[in-house]
Amino acid sequence: MKTKRISLAVATAVAAFATGAAQAQVSDNVVRIGVLTDMSGAYSDLAGQGTVVAANMAVEDFIAKQKPNFKIEVVSADHQNKGDIASNKAREWFDRDKVDIVTELVTTSTALAVQKVAKEKNKLVLMSGPASTRITNEDCNDVTVHWTYDTYAVANGTAKAVTKQGGKTWFFLTADYAFGHSLEKDATDVVNGNGGKVLGSVRHPFPGSDFSSYLLKAQASGAQVIGLANAGTDTTNSIKQAAEFGITPKQSLAGLLMFITDIHSLGLKSTQGMYLTEGFYWDLNEETRAWSKRFFERHKRMPTMVQAGEYSSVLHYLNAVKAAGTDDTQKVMAQMKKTPVNDFFAKNGKIREDGRMVHDMYLLQVKKPEESKYPWDYYNVRATIPAAEAFQPLALSKCPLVKK
Amino acid sequence: MTVNKNIGFAALFLLGLLAPVLIYPVLVMKVLCFALFACAFNLLLGYTGLLSFGHAAFFGLAAYAAGHALKVWELPTLVGLVFGTVSAAALGWLFGLLAIRRQGIYFAMITLALAQMVFFFLMQSSFTGGEDGLQGVPRGTLFGLDLADDMTLYYVVFIICAAAFWLIYRTINSPFGQVLKAIRENEPRAISLGYDVGRYKLLAFVLSAGLAGLAGATKMLVFTFASLTDAHWHMSGEVVLMTILGGMGTVLGPVVGAGVIVSLQSELADKVGSLVTVIMGAIFVICVMAFRRGIVGEAMALYRRMVGEKV
């Protein structure tokens, strides 16, 4: 009796394995990918329509190479940077439109909202755009992967590398709200830990427009490096005004959260010499150039790290669906975590148990106008920050999923 | 006319009961919450003639207060909603005390300034989670019903909103409401008739703030989070848009306005992308230029013209 049962179980297992390998068990035979992003607001430049282009490219490349026996559809929506619209859209997609996965989600408040919805509905989320480390700490869950960067990686990467390269004295210009405070605190720890010294900091209201008095304080401090612990228009405005005051290039600026689109809109004249950290630069090597040129043909702009990360995450997901032979949430997640991420965006990237995708980050310095030879030639790559150092170590994680 | 009205309300009630079967329930809940918000606002703008530009403060504060009560203090859902509503009403009382001393544009500016202070308070405080918002609030249970189920929650939200609409309707048609309308039409005359105008205005303001708070707390329950969007001045602007588009000073105008705006925001999100804000702006301009009485106001005027009734 017992042997009979075992053999039956074996037979079932073998049968299941065989069918699984032979044909994909994808629900209703369509994998639907939702791109939920900011199409009209402050982040539409660095994410927006470009991420939809990137997602479509990933789907086309996957179909051309893997010839899957299931269909793939991409849907997209504008969350207008509002948590309730994002949450509503995600629920609707999961409940009504049979969307399997939501991606992108620039703006942390929308990301956190959708993360909860996805957990409730047991669906996957791949986040390329949002910045907060909360996503993989206090709010982490087993259906979320945070792909491209986070505040820890960009702030600490810059602070550490700049301090090591001789920028020993720092002064922080900090946006006066939780995000600015946490950027400043993280960066301060890193500067102190690497033999640097923080001479002081000044907090400006958020959002600010006139930074003159704060910049003069920073100038008077005589610090070698002025760390910008702010984001978006606050950062671009403080950079413009720093150039007008003649602070740069005598003192150098370090942007703790910046994107290539910020450099593009500010121009090299006012940004030259700045240090920043990004997860991707289009002009790194042959592979990134080849992909980015394809992207440029369709979007008329070079990709940001968020857009490149979107491609990478969608492709990794599709490969996992094919390899697992199913679109079942937990099975695909297990497959994604098991397989290293290898494409033009990341080399041997790995998804940790807290949902953080760790990969190399790049310390970049903005070129002088005369060094820039062709359009979008903006950065000198100063250092590659290895994946193991770039992101918050698991030992410091506040994520309950991490076993210590 | 009264018979017609009653039939109309009964039909609406029935429509509300059936709506979640036909349309996605979370969207209908959102429409209901904003409809309540706009109705509360209309009580002030349409019936008392006070343009408040700070109603997002009540909406947002109540969402945070209720969320904090449910998530951190782990109070029952009903207590959380009441707490949110009462906090908003208390804030309304404070705002009202200061603001009703002035009229017109000054009144609007004072409410805007006070609301901005509330916004910065919410952004800076640690309990609100700053710009990330207060996330992952449990919906809990109500009278043994599990609110995690969207359908169950829908009927709870529907009953809350229907009760609040009824309250607003009763208020408008009560002697108190008559006095409010008198103040709207001619304030000096209302004073000369012996009414304590300041007290009436303050009471209307508190009532409106409290109901706006109820809308905010209910919306928080639907989406299980509160964020700065709720308290941002854009939200104060949006509710003005909803009320004017639907028809201010009409009972159903704000409901229609909220329905149009919310469903446009949601349905256009994946169709036109960045054009959403442009379309909203265009609608507002067309509304103000071409049909100033709003959708419901124009429809009622048309109906009256057709039956030849005198206004």
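Start by selecting chain A of this predicted model and switch to a cartoon view: its secondary structure amounts to 14 helices and 14 strands. The radius of gyration of chain A is 22 Å, close to the 22 Å that the globule rule gives for 404 residues, so chain A is as compact as a globular protein of that length. If you align the view with the principal axes, the C-alpha trace of chain A spans about 85 × 45 × 40 Å.

Stay on chain A and colour by burial. Of its 404 residues, 59% count as buried. Next, draw the contacts. Among those in chain A with a separation of 6 or more, 70% come from residues 24 or more positions apart.

Now put a surface on chain A. About 15700 Å² is exposed, and carbon and sulfur atoms supply 54% of that area. Colouring by charge brings up 48 positive and 42 negative charges in chain A, whose mean positions are 5 Å apart.

**A loop stop in chain A**

Select Asp28(A) and zoom in. You will find Asp28(A) in the loop that runs between helix H1 (2-22) and strand E1 (30-37) of chain A. What is phi of Asp28(A) near? The value is near 45°, which is positive in a residue other than glycine. As background, most residues other than glycine have a negative phi. With a relative accessible area of 38%, Asp28(A) is partly exposed, as the range for that class runs between 20% and 50%.

**Across the interface**

Bring chain B into view and select the residues where the two chains meet. Here 34 residues of chain A are in contact with 33 residues of chain B. The area buried between chain A and chain B is about 2700 Å², and carbon and sulfur atoms give 50% of it. Which residues of chain A lose the most area to chain B? They are Asp84(A), Asn88(A) and Arg91(A), which together make up 20% of what the chain A side buries. Show these three as sticks before moving on.

**Chain B as a whole**

Hide chain A for a moment and look at the cartoon of chain B, which has 13 helices and two strands. A compact globule of 311 residues would have a radius of gyration near 19 Å, and chain B agrees with its 19 Å. Taken along the principal axes, the C-alpha atoms of chain B fill a box of roughly 55 × 45 × 40 Å.

Repeat the colouring by burial: of the 311 residues of chain B, 53% count as buried. For the contacts in chain B with a separation of 6 or more, residues 24 or more positions apart account for 76%. On the surface, chain B exposes about 13900 Å², with carbon and sulfur atoms supplying 71% of it. Colour by charge again, and chain B shows 19 positive and 15 negative charges, with their mean positions 15 Å apart.

**Four residues to visit in chain B**

Begin with Glu74(B), in the loop between helix H3 (55-71) and helix H4 (77-99) of chain B. Glu74(B) is not a glycine, yet its phi is positive, at about 55°. Is Glu74(B) buried or exposed? Its relative accessibility is 65%, so Glu74(B) counts as exposed, the cut-off for that class being over 50%.

Move along to Met117(B), which has its place in helix H5 (residues 104-124) of chain B. Met117(B) is exposed, with a relative accessible area of 57%. Add Ala57(B) to the selection: Met117(B) and Ala57(B) are 60 residues apart along the chain, and their C-alpha atoms are separated by 8.8 Å.

Then select Lys181(B), in helix H7 (residues 175-185) of chain B. Which residues is Lys181(B) in contact with, leaving aside its neighbours within four places in sequence? They are Tyr47(B) and Ile172(B). Draw a C-alpha to C-alpha line from Lys181(B) to Tyr47(B): the two are 134 residues apart in sequence and 5.4 Å apart in space.

Finish at Thr218(B), whose place is in helix H9 (residues 197-223) of chain B. At 1% relative accessibility, Thr218(B) counts as buried; the cut-off for buried is under 20%. Show its surroundings as sticks: leaving aside neighbours within four places in sequence, Thr218(B) is in contact with Cys33(B), Leu81(B), Val157(B) and Ile160(B).

Terms used
Residues numbered from 1 in each chain as written. Chains lettered and ligands numbered in written order. Predicted model: local features only at pLDDT ≥ 70, side-chain atom pairs only at ≥ 80, totals over all residues. Heavy atoms only, no water. Rg over C-alpha atoms; globule rule 2.2 N^0.38 Å. Buried < 20%, exposed > 50% of the residue type's maximum accessible area, 1.4 Å probe, protein only. Contact = heavy atoms within 4.5 Å. Areas by Shrake-Rupley, 256 points an atom, 1.4 Å probe, with all protein chains shown as cover. Lys, Arg positive; Asp, Glu negative; His and termini not counted. Charge placed at Lys NZ, Arg CZ, Asp CG, Glu CD. Buried area = accessible area lost by both parts, 1.4 Å probe.
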